[in-house]
Amino acid sequence: MSIDEDAHTSAPEPVLRISNVSKSFGPVRVLSGISVDVMPGKVVGIVGENGAGKSTLMKCVCGLLAADAGSITVRGRRVSGANSVRGDVYMVPQEFTLIGELSVSANVFLGREPERGIFLDSSAMKRRTSELLDKIGAGGIDPDEKVSSLGAAAKQKVEIAKAFLGRPSLLIFDEPTTVLSRPETESLFRVIRDFKSNGGSVVYISHKLDEVCEICDEIAVLRDGVLVWEGASASTTPGNLVAAMVGRPISSLYPPKNTRAAPGGEYALEVSDICDAGGVLHGVSMKIKPGEIAGLAGLAGAGRTEFAETVFGARPRKSGSVRIFGREVDFGCPAEALSAGLAYLPEDRQGSAVIGDFSLADNLTLCSLRKRMHGPFINFRGRSRAVLDMIGKMNIKCSGEDARASSLSGGNQQKAAIAKLLDTNPRIFIFDEPTRGVDVGARAEIYSIVHRLADDGMAVLVISSDLDEIIGNCTRVMVMRDGCLAGEVDGEDICERKIMEFAMGVSQNSRKA
């Protein structure tokens, strides 16, 4: 898929050539005759809804799956397995593949460790890891730090740093910016542009279509395993891409803003001057009313997730107080928070929200199994009725209640994680990166769920790195910086400029609360 080629000159060979590739799993056709070329020094976007075939296609490119028909070549050599592309192709996956108990440098060099005699050259590993992290604008990450202690954004940066350790001809990025702030995304884009200016090629997969149009030279749209559109990014818009992806235009991604919360009255959640035992939070205070959708923004490392985990009892609290509908609480664990009516959807879906090897039924009732017990036994018939009801209400696309959670698309896994928490009958719901790695159709569904909860009187807090998501859904936005509440905007004042001023400490009204 090259553009503006001179037919009378010798065109360069594509780094990646996908020719008429098809793939089926049993009777289900996942890819149907896909053909795409990626030229040297080009960034090609691959977009489509979850289940469109993007991941299957990239697994074929990486040699992890064999195509049923067609061919794939990298630098002229046919892909015949993972070893056939090793060194030429590197994929930054959507879900983290890091080992939590190893250090950052050990993860970056895993399987590629340099040796000094019979020992690993740890000094060289740390030095090179620091260089790679600096290159992508993540110099604040300590190469000696355990990955398990990092937040989602920092883990994503480590995954990206791993990609630049070798000298691949083709980099594949699968949803690389879902937990990155805009400045962090711009740092990544600078690295990608530098890579392509040196002749490197990139396949960029993302549901953030404005970013796709910005960073990509060309775009290919998949729908139900079929290539339905391809062309130059300059010749299309995010709206046109959505229409091609879903086969219809989506008129409005965000529902009308909820204005149910009235001035005065009681607060659903009151947090006063809390500090966590880890020293990340420094006296954070906020209040949220029933029926309100409040937002919590800030750059990566500002303390947003740590705030939610501390309120929810997943992180020890050092000082401060938390009140739920006027009653002071001190949760020793998340189970106590759920019992008190507080639900928290974590940012790391695979790590904390769903258990991939469990069935959908097991996942959906994991937090509320006590309701499904008859004496010491599970009432499987009653549980099945409840699970099928949740699947229907949340529009979870699956083969049935016994389907493994890992077999669901990202959007359906997220809806399952939300349904699991809703089955505990919460009165307050904290969403942390609710649409990370979710396609545009599922995003619209999740936003509708959020607004429906607020319409029913639930207090909602949305934590997100996606400022469009915050601005489009919230009537009041609190902004964190360096573990403190830096400021707040509401109503017509909610805009990217004011949020970023607070987040970066350049607003005259920035404050520590």
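Start with the whole chain and its contacts (heavy atoms within 4.5 Å): residues 24 or more positions apart account for 67% of the contacts with a separation of 6 or more. You are looking at a predicted model, where local features need pLDDT of at least 70, side-chain atom pairs count only at pLDDT 80 or more, and totals for chains, interfaces and linings use all residues. Residues are numbered from 1 along each chain as its sequence is written, and side-chain values use heavy atoms, leaving out hydrogens and water.

Switch to a cartoon view next. The protein chain shows 16 helices and 24 strands; these are DSSP runs numbered from the N terminus, with helices being H or I of at least four residues and strands E of at least two. Its radius of gyration is 24 Å, close to the 24 Å that the globule rule gives for 513 residues, so the chain is as compact as a globular protein of that length. That radius is taken over C-alpha atoms, and the rule is 2.2 Å times the number of residues to the power 0.38.

Now select residues 16-25, which are strand 1, together with strand 4 at residues 69-74; 5 bridges join them, and they run antiparallel. Look for arginine 17, which stands opposite threonine 73 of strand 4. Widen the selection to see an open sheet of 4 strands in the order 2-1-4-5, with antiparallel pairing. Strand 2 (28-38) and strand 5 (77-78) are at the edges with a single partner strand each, so one side of each has no neighbour in the sheet. Strands count as paired if DSSP finds at least two bridges between them.

Move on to strand 18, residues 342-345. Leu342 and Tyr344 point one way, Ala343 and Leu345 the other, and all are buried, meaning under 20% relative accessible area with a 1.4 Å probe, protein chains only. In a regular strand the side chains alternate between the two faces of the sheet. Add strand 21 (residues 428-432), which pairs with strand 18 in the parallel sense over 4 bridges. Within strand 21, phenylalanine 429 is the bridge partner of alanine 343.

Keep Phe429 selected and add Phe307 and Leu461: these three touch the most other members of the largest nonpolar core, which has 77 residues. Such a core is a set of buried Ala, Val, Leu, Ile, Met, Phe, Trp, Tyr and Cys residues joined through side-chain atoms within 4.5 Å. Finish at a second, separate core of 50 residues, whose members include Phe96, Val104, Ile141 and Leu180.
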